[in-house]
Amino acid sequence: MIDRLMDTGEKTWAVLRSCFGQILILHIAYVALGFIVFSPLAGFIGRLLLQASGNSVMADMDILFFLLTPFGMVTLVLFGSILVTIFAFEQASIITICAGNIQGYKIAPIQVLFATLRRFYTLFLFSIHLITRLLIIIVPFLALAGAIAWFTITDHDINYYLSVKPPAFIAAAVIIGCILLVLLVVLTHKLIGWSLSLPLTMFNGTSPSESFKQSRQLLTGQRFIVFTSFTIWLFITFVLSFLVLGGIQFLGSNLISFFHDSLSAMVL
């Protein structure tokens with residue numbers, strides 16, 4: 001088992017290292033796309049929310065109440081759906097680059113973007129199937145957690161509960177935490193089973209609706225290896241992110257005092 005994991009890790013690292021620059025360019029492009037899509041959408045929803053409330057500003061509790069309303073749930077679903085769709089397209093582009101590298105040729109990022117766009121309809125259908133399956137799992141858990149929060153911690157402002165921490169708040173937090181933990185376990189199990197669905201859709205000609213079923217069948221008896229591999233990569237990603245972002249935070253906190261008289265330098 002360990003030998004197989006090490007061999008898979010070495011092969012994966014060799015592929016990623018050889019096309020790191022291409023993957024980085026694509027990632028930046030998709031992050032920019034997400035920013036372009038999310039920023040105006042967030043501003044539009046924020047204006048709608050303020051108009052509906054009749055206030056110029058909203059407190060934390062007002063935002064929480066909004067997210068528990070049907071329109072708030074729809075907003076969360078909308079943002080989540082857009083995020084999942086962009087993520088699916090980015091993964092499709094990265095898989096294309098890696099597949100080309102394995103076969104011995106490199107594809108320019110712009111070519112990959114156009115190739116992904118040519119499969120827009122198929123990838124969009126895949127995203128719809130994935131989002132629908134995720135919603136079927138997530139919504140009941142969130143609805144139960146929202147109902148518990150609604151009936152137990154809506155008598156006072158959220159800052160009151162965070163500062164005083166009454167027994168009702170502690171009990172609600174523990175129950176909601178357990179619900180979210182169960183949701184995490186269920187989601188992890190499902191996502192591992194679906195981990196081959198996107199490659200099957202892209203390279204095997206499998207329909208999006210069938211790809212999830214075939215992925216589960218192909219991974220029968222292999223889930224532990226997939227889970228361990230993803231856990232290792234997640235841990236490495238977390239450590240690297242912590243070191244990089246922590247270093248930026250440390251340098252920024254210590255250097256910003258030297259540029260207090262220059263706004264442009266402070267922003268940089």
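1. Let me start with the cysteines. A search of the whole structure, which is a predicted model, turns up zero disulfides. Cys19 is in no disulfide, and the nearest cysteine sulfur, that of Cys98, lies 4.2 Å away. A disulfide calls for a pair of cysteine sulfur atoms within 2.5 Å, so the pairing of Cys19 with Cys98 does not count as one.

2. Is Cys19 buried or exposed? Cys19 has a relative accessible area of 1%, so it is classed as buried. Cys178, by contrast, is partly exposed, with a relative accessible area of 45%.

3. On the overall fold, the protein chain has 12 helices and zero strands. Reading along the sequence therefore gives the pattern α-α-α-α-α-α-α-α-α-α-α-α. The chain has 268 residues, of which 29% count as buried. Among contacts between residues at least 6 apart in sequence, 71% join residues at least 24 apart.

4. You may like to look at helix 10, which covers residues 208–218. Which of its residues are buried? They are Pro208, Ser211, Phe212 and Ser215. Seen down the axis of helix 10, these buried residues fall within an arc of 100°, so they line one face of the helix. The spacing fits a general rule: an α-helix has 3.6 residues a turn, so residues three or four places apart point the same way.

5. What does that buried set of helix 10 pack against? Its partners are helix 6, helix 8 and helix 9 (197–203).

6. Next comes the second largest pocket, with a volume of about 460 Å³. The pocket is lined by 19 residues, and the closest to its centre are Gly80, Leu134, Leu135, Ile138 and Leu142. Helix 4 (70–102), helix 6 (120–152) and helix 8 (167–193) are the elements that each give two or more residues to this lining.

7. How does the lining of the second largest pocket divide by residue type? There are 16 nonpolar residues, three polar and no charged. Helix 6 and helix 8 thus appear in two places in this note: they contribute to the lining of this pocket, and the buried residues of helix 10 pack against them.

8. A last residue to look at is Thr132, which sits in helix 6. Thr132 has a relative accessible area of 39%, so it is partly exposed. Its C-alpha atom is separated by 9.1 Å from that of Ser81, although the two residues are 51 residues apart along the chain.

Technical notes
Residues are numbered from 1 along each chain as its sequence is written. This is a predicted model: local features need pLDDT of at least 70, side-chain atom pairs count only at pLDDT 80 or more; totals for chains, interfaces and linings use all residues. Side-chain values use heavy atoms; hydrogens and water are left out. On a 1 Å grid over the protein atoms alone, a cavity is a set of points where a 1.4 Å probe fits but cannot get out, and a pocket is an open set with protein on both sides within 12 Å along at least five of seven lines; lining residues have an atom within 4 Å of a point. Grid points are joined across faces, edges and corners, and a volume is the space filled by probe spheres set on the points. Helices (H or I, at least four residues) and strands (E, at least two) are DSSP runs, numbered from the N terminus. Ala, Val, Leu, Ile, Met, Phe, Trp, Tyr, Cys and Pro count as nonpolar, Asp, Glu, Lys and Arg as charged, and the others, Gly among them, as polar. Buried means under 20% relative accessible area, exposed over 50%, partly exposed in between (1.4 Å probe, protein chains only). The arc is that of the directions from the helix axis to the C-beta atoms. Contact means heavy atoms within 4.5 Å.
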